Amino acid sequence: MNTTENQYAMLSNGMKIPMIGLGTWRIGDDEALGAIKTALEIGYRHIDTASIYGNEQGVGAGIRGSGVSRKDIFLTSKVWNDDQGYDSTLKAFNASLERLGTDYLDLYLIHWPTRRNKDTWRAMETLYREGKVKAIGVSNFQTHHLEDLLAACEIKPMVNQVEFHPYLVQSTLFEFCRRNHIQIEAWSPLMQGKMVDVSELKDLGEKYNCSVAQIILRWDIQMGVVTIPKSIRRDRMKENVDIFDFTISEEDMALITALDRGKRFGPNPDNFGF
Ligand code: NDP
């Protein structure tokens with residue numbers, strides 16, 4: 001990985017988060033060991049998992065087997081909906097630590113908004129105060145979920161991990177998070193692989209002599225959005241972090257942002273049934 005610029009964002013508590021991480025949804029527990037070792041070898045230092053992905057054991061084994069020091073890796077996991085609530089979140093957190101074989105997390109997120117968010121958030125605050133997690137945040141929170149939480153919390157969420165790509169820019173949420181110093185993290189940044197069908201992005205790939213994936217991920221970085229593309233393939237993992245030696249012009253940045261059509265590849269947090 002070229003280490004010249006913009007590799008980290010600063011969270012509201014002063015903690016650094018690598019701009020690019022490896023997403024691990026749909027990487028099985030058995031595949032995770034190899035995938036994580038490969039990613040760390042390539043230069044990734046940020047791994048995104050969740051208890052619901054069922055791969056925390058493999059992720060932990062990959063980290064330990066890589067030879068990279070734990071303290072040099074930014075590791076995120078998430079509390080699943082069934083575990084929300086105060087005591088159950090504390091328990092779920094400890095179970096994640098155990099599966100991952102680590103004694104702290106860099107970031108712990110509420111995976112989806114539910115009616116129990118406020119109790120869950122109190123547990124997140126406890127974990128943060130106890131130093132078991134270095135940063136806390138949410139995922140899939142719309143502006144109204146954040147407003148609700150901000151009115152009740154003692155510690156503000158530092159991150160909101162949401163679906164974000166050229167077809168789903170969510171500009172109101174984006175602005176709200178920026179104003180409140182909540183770092184946006186993009187999930188499904190590559191539209192779950194469907195980005196290759198977008199002709200405007202293909203044209204830009206030709207113009208900048210790079211792949212469509214690289215165009216999107218570079219756009220994320222220039223937007224100030226932390227991004228976590230998933231791949232199980234070494235060549236693609238490499239391609240996805242090789243984005244620090246070119247700059248997309250302001251005009252082309254605007255062109256990509258204007259592709260927004262409110263299209264989701266994942267569930268809408270307002271109708272997810274919690
Ligand atoms: P992505 O948008 O990252 O796309 C992944 C797909 O794109 C895979 O099929 C992958 O295939 C393919 N791909 C990766 N790189 C390239 C490339 N350079 N060229 C062509 N194809 C490529 O989808 P995800 O949904 O996985 O999102 C990323 C991560 O975000 C997840 O893994 C997870 O960690 C997180 N996430 C969080 C959610 C939440 O609710 N908080 C919800 C969904 C995801 P292959 O592996 O074969 O290379």
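This passage walks through a predicted model, starting with its sheet and ending with its ligand.

The natural place to begin is the sheet. Eight strands make up an open sheet with parallel pairing, and their order is E3-E4-E5-E6-E7-E8-E9-E10. At its edges sit strand E3 (22-23) and strand E10 (226-227), each of which pairs on one side only.

Strand E7 is a good one to look at in detail. It spans residues 133-139, and six of its seven residues are buried, so "mostly covered" is a fair description given that buried means under 20% relative accessible area. One neighbour of E7 is strand E6 (residues 105-110), and the two pair in the parallel sense over five bridges. Within that pairing, Leu105 has Val133 in E7 as its bridge partner. To get from E6 to E7, the chain passes through helix H4 (residues 117-129), and this β-α-β crossover is right-handed.

E7 also pairs with strand E8 (residues 159-163), again in the parallel sense, this time over two bridges. Here Ser139 stands opposite Gln161 in E8. The connection from E7 to E8 runs through helix H5 (residues 143-152), and this β-α-β crossover is right-handed too. Moving along the sheet, E8 is joined to strand E9 (residues 183-187) by five bridges, and these two strands run parallel. Val162 stands opposite Ala186 in E9.

What does Gln161 do with its side chain? This residue of strand E8 has a relative accessible area of 2%, which puts Gln161 well under the 20% cut-off, so Gln161 counts as buried. Its side chain makes a polar contact of 2.7 Å with the side chain of Glu185.

Another covered residue turns up just outside the strands. Phe141 belongs to the loop between E7 and H5. Its relative accessibility is 1%, and because anything under 20% is buried, Phe141 counts as buried. Phe141 and Val162 lie 21 residues apart in sequence, yet their C-alpha atoms are 7.3 Å apart in space.

Helix H6 (residues 171-179) shows two contrasting sides. Leu173, Phe174, Phe176 and Cys177 are its buried residues. Looking down the axis of H6, these buried residues fall within an arc of 165°, so they line one face of the helix. An α-helix has 3.6 residues a turn, so residues three or four places apart point the same way. Turned away from the buried side of H6 is a face that carries the exposed residues Thr172, Arg178 and Arg179.

That leaves the ligand. There are 28 residues around it, and those that come nearest are Asp48, Ser188, Leu190, Lys230 and Ser231. Which atoms of Ser139 approach the ligand? An N or O atom in the side chain of Ser139 is 2.8 Å from a nitrogen atom of the ligand; this is the residue of E7 that stands opposite Gln161 in E8. The side chain of Lys230 also has an N or O atom that is 2.7 Å from an oxygen atom of the ligand. With Met191, the backbone is involved instead: one of its N or O atoms lies 3.3 Å from a ligand oxygen atom. On its own, the ligand has 910 Å² of accessible area, and the protein covers 88% of that.

Methods
Residues numbered from 1 in each chain as written. Predicted model: local features only at pLDDT ≥ 70, side-chain atom pairs only at ≥ 80, totals over all residues. Heavy atoms only, no water. Buried < 20%, exposed > 50% of the residue type's maximum accessible area, 1.4 Å probe, protein only. Helix = DSSP H or I, 4+ residues; strand = E, 2+ residues; numbered from the N terminus. Pairing = 2+ DSSP bridges. Right-handed = clockwise from strand over helix to strand, strands pointing away. Near = heavy atom within 4 Å. Polar contact = N/O pair within 3.5 Å; in protein donor to acceptor, adjacent residues only side chain to side chain. Areas by Shrake-Rupley, 256 points an atom, 1.4 Å probe, with all protein chains shown as cover. Arc of directions from axis to C-beta.
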